[in-house]
Structure formats: C-alpha cells, structure tokens
Amino acid sequence: MSVLVAISGRDNTKLIARLTELLLNETIEQWPSCKNPSAVEFVLAWNAPNDLWQRLPNLKAVSSFGAGVDSINMSLLHEHVDVVRIVDEQLAEDMAEYVLTHVLAQKLRLKEYFVKQSQSNWKPKRAYKYKHVGILGFGELGKACADKLRINGFTLSAWSKTPKKSEQVKLYTELQGLDEMLPKIDFLVCLLPLTEATKGIINAQLLAKLPKHACVINVARGEHVIEPDLLSALDSDNLRSATLDVFTEEPLPGSHPFWQHPKVTITPHCAAISDLNSVTEQIAENVNRLNSGLELNNRVNRTKGY
C-alpha cells in the first residue's frame with residue numbers, strides 16, 4: 001500500500017518522517033510527487049486539490065489532518081471510500097482554555113486596555129457583569145468548553161442541530177431554539193462543524209438577535225461568518241466585540257479591515273493545534289486497520305459531514 005500526504009500550506013517534513021517511522025512497510029509519498037497513483041489506498045488530506053481524487057483509482061480511505069473534514073470535498077469521492085478524522089483529547093482541553101481565556105478577556109475589557117496602553121491613556125473601569133455564554137455546537141469541543149466555563153462561574157446555554165443531553169447546560173435545537181437562545185446570551189462561541197447548513201450562519205440576521213453588548217468568539221471555521229455582516233454590526237455598535245481565530249482566507253491578508261479594527265481580537269488559527277505524535281499515531285493505526293480489513297477509527301458520517 002502507498003500512503004499519500006496531500007496537505008497544502010505547510011511544511012510536512014516532520015509529519016512524513018514520523019509516519020515513515022511508524023509505517024515501516026508502507027510507502028509514504030507527498031503530492032504531487034507520487035510515482036504510482038494506482039498504489040495509493042490511503043490519503044492524509046487538508047485542502048487537497050479537487051482533481052487529485054480522480055487520479056487515485058484504488059483509493060479506500062481518506063483521513064483529515066484535523067478534527068474537521070470540511071477541507072475534503074466528499075462529493076468527489078466514491079461511495080466506498082471511508083472518511084475519518086483526528087480525535088485529540090488534548091485538543092479539547094486546549095480549546096476550552098482558549099475559549100475561557102477570551103471570554104474572560106472580553107469580560108475584563110482587556111482589548112480596551114491594550115488600546116489605551118498604546119495611547120498612554122490611564123482610565124480604569126469596572127469589569128462587565130455579563131456571565132451568560134451561548135455555544136453553537138455541542139459536540140466534544142463544545143462540551144469541554146462548557147465544562148471549563150461552568151466551573152469558572154459562567155451560565156451556559158448551547159445550540160445544536162440534533163438534541164443533546166446535559167444537566168448543567170440549557171440546551172436548544174432547531175432554528176426556533178436558536179432564535180430563543182440568542183437574545184439571552186452575552187458571549188456567543190461558535191464551535192459548529194462546517195457544513196452547507198452552517199456555512200454563513202453568523203450573518204446579519206443572527207447578529208441582530210443578539211444583545212448589543214454581546215461578543216462573538218469564532219473558533220470553528222472562517223466560513224461560518226459573513227465577514228461584511230460582522231463588520232457592519234461592530235461599526236454600527238450593534239455588537240460590542242469579536243474574537244476571531246479563523247477566517248475565510250488564511251493567512252488573513254494584511255489589507256483586511258479586521259487587523260486594525262479596535263473591536264476585533266485576532267489570533268492566527270491557534271486555538272487548538274493537534275499534537276504531531278497524536279495525529280501520526282492515529283493515522284498509522286487506521287492504515288494498519290485498513291490493511292487488516294478492520295473498521296477504521298473515527299469514521300465520519302458522509303451524509304451529515306461530521
């Protein structure tokens with residue numbers, strides 16, 4: 001079997017070296033340097049070119065390089081091809097710490113003080129009293145963030161496409177539930193998977209249902225946000241602030257208005273970065289399971305997209 005790494009926009013040297021150590025009997029190649037596409041049965045992918053898949057006649061499985069699979073155009077894959085994702089326990093803890101940090105930063109006015117520091121402006125204010133966090137998406141990451149926020153004194157609500165259970169979090173589902181939740185919350189955290197149904201969900205209509213003092217924190221995918229709508233809400237004082245870790249175009253272009261906006265906090269898609277050892281071990285395990293005819297770990301429901 002040949003394992004093909006098709007990951008755009010990063011140096012994959014260490015990744016391929018580690019996979020080679022773990023899969024001594026397999027050929028590890030990186031696209032486009034693939035000598036025999038017919039031998040490729042397993043692909044590790046992130047933003048792979050769409051024309052790649054038709055060149056791999058014996059493909060059996062595709063693994064996303066991350067927790068989400070939105071970078072893989074599953075409509076181009078044959079029905080028999082399994083799609084799997086990475087599940088990293090540390091990822092959930094890192095995400096929860098990031099979300100707690102930035103909810104507190106917004107509550108404590110840290111962005112405002114950073115701006116005042118650049119102006120040598122000494123003007124203290126009380127922290128905001130807002131305590132209600134609403135989470136879009138209540139999967140593994142959403143639950144981890146809710147737990148971290150709850151033990152730090154925040155009130156939690158969450159919205160998901162399908163009904164979930166929780167004794168500590170007020171849960172909502174379907175569009176009616178979303179409309180009911182939005183006016184009640186002070187901080188909106190997006191942790192949704194990116195699907196056709198969730199693309200552009202943070203738009204002018206949704207933002208108008210939030211209180212004007214609300215903050216948006218997006219740590220899911222840039223495409224969840226209609227960026228002009230978010231800017232309009234901030235500029236018209238219909239939204240207090242935003243923390244953004246993900247963007248429609250990454251890296252974020254230097255000319256983008258988010259960079260200099262006084263109400264926007266930017267981080268470079270760093271909220272939760274997968275550990276290389278954990279990722280490669282999961283990939284190697286699935287390659288070995290494929291060789292043995294076993295069901296792969298962390299399979300994705302291709303119909304749902306997650």
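## H269 and the loop before α8

Let's start with H269, which sits in the loop between β12 and α8. Its phi is positive, about 50°, although H269 is not a glycine. Is H269 buried, partly exposed or exposed? With 31% relative accessibility, it counts as partly exposed. Keep in mind as you look around that this is a predicted model.

Further along, in the segment after α8, you'll find N298. N298 is another residue other than glycine with a positive phi, this time near 60°. Its relative accessibility is 31%, so N298 counts as partly exposed.

## The five-stranded sheet

Now for the sheets. Strands of a sheet pair through backbone hydrogen bonds, in either a parallel or an antiparallel way. One open sheet here has five strands, ordered β2-β1-β3-β4-β5, and the pairing is parallel. Which strands stand at the edges? They are β2 (27–30) and β5 (82–84); each has a single partner strand, so one side of each is left without a neighbour in the sheet. From one strand to the next, the twist averages 20°.

You can trace some of the pairing yourself. β1 and β2 run parallel and are joined by four bridges, and L4 stands opposite E29 in β2. Elsewhere in the sheet, strand β4 (residues 61–64) pairs with β5 through three bridges, again in parallel. There, V62 is opposite V83 in β5.

## A closer look at β1

In a regular strand, side chains alternate between the two faces of the sheet. Try following that along β1: S2, L4 and A6 point one way, V3, V5 and I7 point the other way, and all are buried. How many of the six residues of β1 are buried? Six of the six are, so β1 is largely enclosed by the rest of the structure.

What lies across β1? Helix α8 does, and it also lies across β3 (40–46), β4 and β5, running at about 155° to β3.

## Loops around the five strands

The loop between β4 and β5 holds S71. This serine counts as buried because its relative accessibility is 13%, and the cut-off for buried is under 20%. Leaving aside residues up to four places away in sequence, S71 touches A45, W46, N47 and A48.

In the loop between β2 and β3 you'll come across P32. The peptide bond joining W31 and P32 is cis, with omega about 10°.

## The seven-stranded sheet

There's another open sheet, this one with seven strands in the order β8-β7-β6-β9-β10-β11-β12 and with parallel pairing. Its edges are β8 (170–173) and β12 (264–266), each with a single partner strand, so one side of each has no neighbour in the sheet. The twist averages 15° from one strand to the next.

Strand β7 (residues 155–160) pairs with β8 in the parallel sense, over four bridges. To find one of these pairs, look for S160: its bridge partner in β8 is T173. Over in the loop between β11 (241–244) and β12 is P251, and the peptide bond from E250 to P251 is cis, with omega near -5°.

## Helices crossing helices

Two packed helices are described by the angle between their axes and the distance between the axes. Take helix α2 (residues 89–107) and helix α4 (residues 140–150): their axes come within 8 Å and cross at roughly 50°. That angle makes α2 oblique to α4, and the crossing is right-handed. On the α2 side, L91, A92, E93, M95, A96, E97, V99, L100 and V103 make the contact, meeting L141, A144, C145, K148 and L149 in α4. Sorted by class, this contact has 11 nonpolar, no polar and three charged residues.

The other pair is helix α1 (residues 13–22) and helix α8 (residues 276–292), whose axes are 10 Å apart and at an angle of about 45°. So α1 is oblique to α8, and α1 passes α8 in a right-handed crossing. K14, L15, R18, L19 and L22 of α1 make the contact with L276, N277, T280, E281, I283 and A284 of α8. What classes of residue does this contact have? By class, there are six nonpolar, two polar and three charged residues where α1 meets α8.

Definitions and conventions. Residues are numbered from 1 along each chain as its sequence is written. This is a predicted model: local features need pLDDT of at least 70, side-chain atom pairs count only at pLDDT 80 or more; totals for chains, interfaces and linings use all residues. Side-chain values use heavy atoms; hydrogens and water are left out. Axes are lines fitted to C-alpha atoms, for helices over the stretch in contact, and angles run from 0 to 180 degrees between N-to-C directions. Helices (H or I, at least four residues) and strands (E, at least two) are DSSP runs, numbered from the N terminus. Angles under 35 degrees count as roughly parallel, over 145 as roughly antiparallel, 65 to 115 as roughly perpendicular and the rest as oblique. A crossing is left-handed if the near helix is turned anticlockwise from the far one by less than a right angle, and right-handed if clockwise. Contact means heavy atoms within 4.5 Å. Ala, Val, Leu, Ile, Met, Phe, Trp, Tyr, Cys and Pro count as nonpolar, Asp, Glu, Lys and Arg as charged, and the others, Gly among them, as polar. Two strands pair if DSSP finds at least two bridges between them. Buried means under 20% relative accessible area, exposed over 50%, partly exposed in between (1.4 Å probe, protein chains only).
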